[in-house]
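Please open the model in your viewer and keep the selection tool at hand. The tour goes from the whole chain to single residues, one selection at a time.

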Amino acid sequence: NSQLVSYIPREQLKHHMILPNEVEERLLSIEQEYVARERLKKFNLVPKRKILLYGPPGCGKTLSAERIAWNLGLPLLKVRFDSLLSSYFGESASNLRMVFDYCKSEPVVLLLDECDFIAKSRITTQDIGEVPRIVNMLLTLLDEYDAPGLVLATTNLKVSLDEALFRRFDDVIEMPMPGKSERKRLLEMTLSAIPVSPDVDMDQISNQLDGYSTANIVLIAQRAAKIGVLAGCKKVCNEHFVKALEESSKF
């Protein structure tokens, strides 16, 4: 059902990203284990297949799922929980089961994007009806998961995710806000196709962007480039960055 899931073929996935080294290494190990799954099996070893990514919005959780799928040559199947929860009363849990059943038929990266509602529903006990049923169904499906692909779940909230959910995953990875070197690399990557004036001090701008999410740093660099192009300049100058920063917000 296209309202409940989006199917993204591999060639449409975004896969260029800049991450802190320790996060990069952990994502690489997931990819390497998946590629070597037959070899691992001979030694009764199981690759990591259920991964939870958590961290503030705009720090690359969804993009990481896309990048893993791209690197493994798999399509991405993204579950839209907002549609799932608002689908006909009583059908949400069985719809979710259908999605997991489909994953048995074809290797895909199943992305359970923004699972925050799970965390919330398990804290607020006054929630009746569909949400607790979906949560219980999801926990069961994660327990039973035995498909040829991977499951990646993302959430903005770590604090409120309870142990019951954490235990279902083979790996739980925090996606932090970008550090200074990542911020600088993000600016350079975003502006790689356009000349930058020598008066632009990337280190200084990286410092000014402390506390900004990855997504917003990319937006600010793109905005500076657009301001420059619209002003008829051949290069992105410092004044364009000043303007882009004035127009931006941290979150």
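The stops below begin with the overall fold and then move through helices, cores and two individual leucines.

**The whole protein.** Begin with everything displayed as a cartoon, bearing in mind that this is a predicted model. The protein has 12 helices and 6 strands, and of its 251 residues 48% count as buried. If you draw contacts between residues at least 6 apart in sequence, 80% of them join residues at least 24 apart.

**Helix 1 and helix 3.** Next select residues 21-35, which form helix 1, together with residues 61-72, which form helix 3; their axes come within 10 Å and cross at roughly 35°. The crossing of helix 1 with helix 3 is right-handed. To see where the two helices touch, show the side chains of Glu24, Leu27, Leu28, Glu31, Tyr34 and Val35 on helix 1, and those of Ser64, Arg67, Ile68, Asn71 and Leu72 on helix 3. Coloured by class, this contact has 6 nonpolar, 2 polar and 3 charged residues.

**The largest nonpolar core.** Now select Val79, Phe81, Leu96, Phe100, Leu110, Leu112 and Leu142, the residues with the most contacts inside the largest nonpolar core, which has 31 residues. At least two residues of this core come from each of several elements, including strand 3 (76-79), strand 4 (109-112) and strand 5 (150-155). Helix 7 gives the most to this core, with 8 residues. In soluble globular proteins, nonpolar side chains tend to be buried together.

**Leu110.** Centre the view on Leu110 and, leaving aside its neighbours within four places in sequence, look for its contacts with Leu77, Val79, Val99, Phe100, Cys103, Leu150, Val151 and Leu152.

**Helix 5.** Which residues of helix 5 are buried? Select Ser92, Ala93, Asn95, Leu96, Val99, Phe100 and Cys103 to see them. You can also check the length of this helix, residues 92-105: at 1.5 Å a residue its 14 residues should span 20 Å, and the end C-alpha atoms are 21 Å apart, which agrees.

**Leu85.** Finish with Leu85, which is found in helix 4. Is Leu85 buried or partly exposed? Its relative accessible area is 25%, and because buried requires a value under 20%, Leu85 counts as partly exposed. Add Val131 to the selection: Leu85 and Val131 are 46 residues apart in sequence, yet their C-alpha atoms are 7.1 Å apart in space.

Definitions and conventions:
Residues are numbered from 1 along each chain as its sequence is written. This is a predicted model: local features need pLDDT of at least 70, side-chain atom pairs count only at pLDDT 80 or more; totals for chains, interfaces and linings use all residues. Side-chain values use heavy atoms; hydrogens and water are left out. Helices (H or I, at least four residues) and strands (E, at least two) are DSSP runs, numbered from the N terminus. The expected span of a helix is 1.5 Å times one less than its number of residues. Buried means under 20% relative accessible area, exposed over 50%, partly exposed in between (1.4 Å probe, protein chains only). Axes are lines fitted to C-alpha atoms, for helices over the stretch in contact, and angles run from 0 to 180 degrees between N-to-C directions. A crossing is left-handed if the near helix is turned anticlockwise from the far one by less than a right angle, and right-handed if clockwise. Contact means heavy atoms within 4.5 Å. Ala, Val, Leu, Ile, Met, Phe, Trp, Tyr, Cys and Pro count as nonpolar, Asp, Glu, Lys and Arg as charged, and the others, Gly among them, as polar. A nonpolar core is a set of buried Ala, Val, Leu, Ile, Met, Phe, Trp, Tyr and Cys residues joined through side-chain atoms within 4.5 Å.
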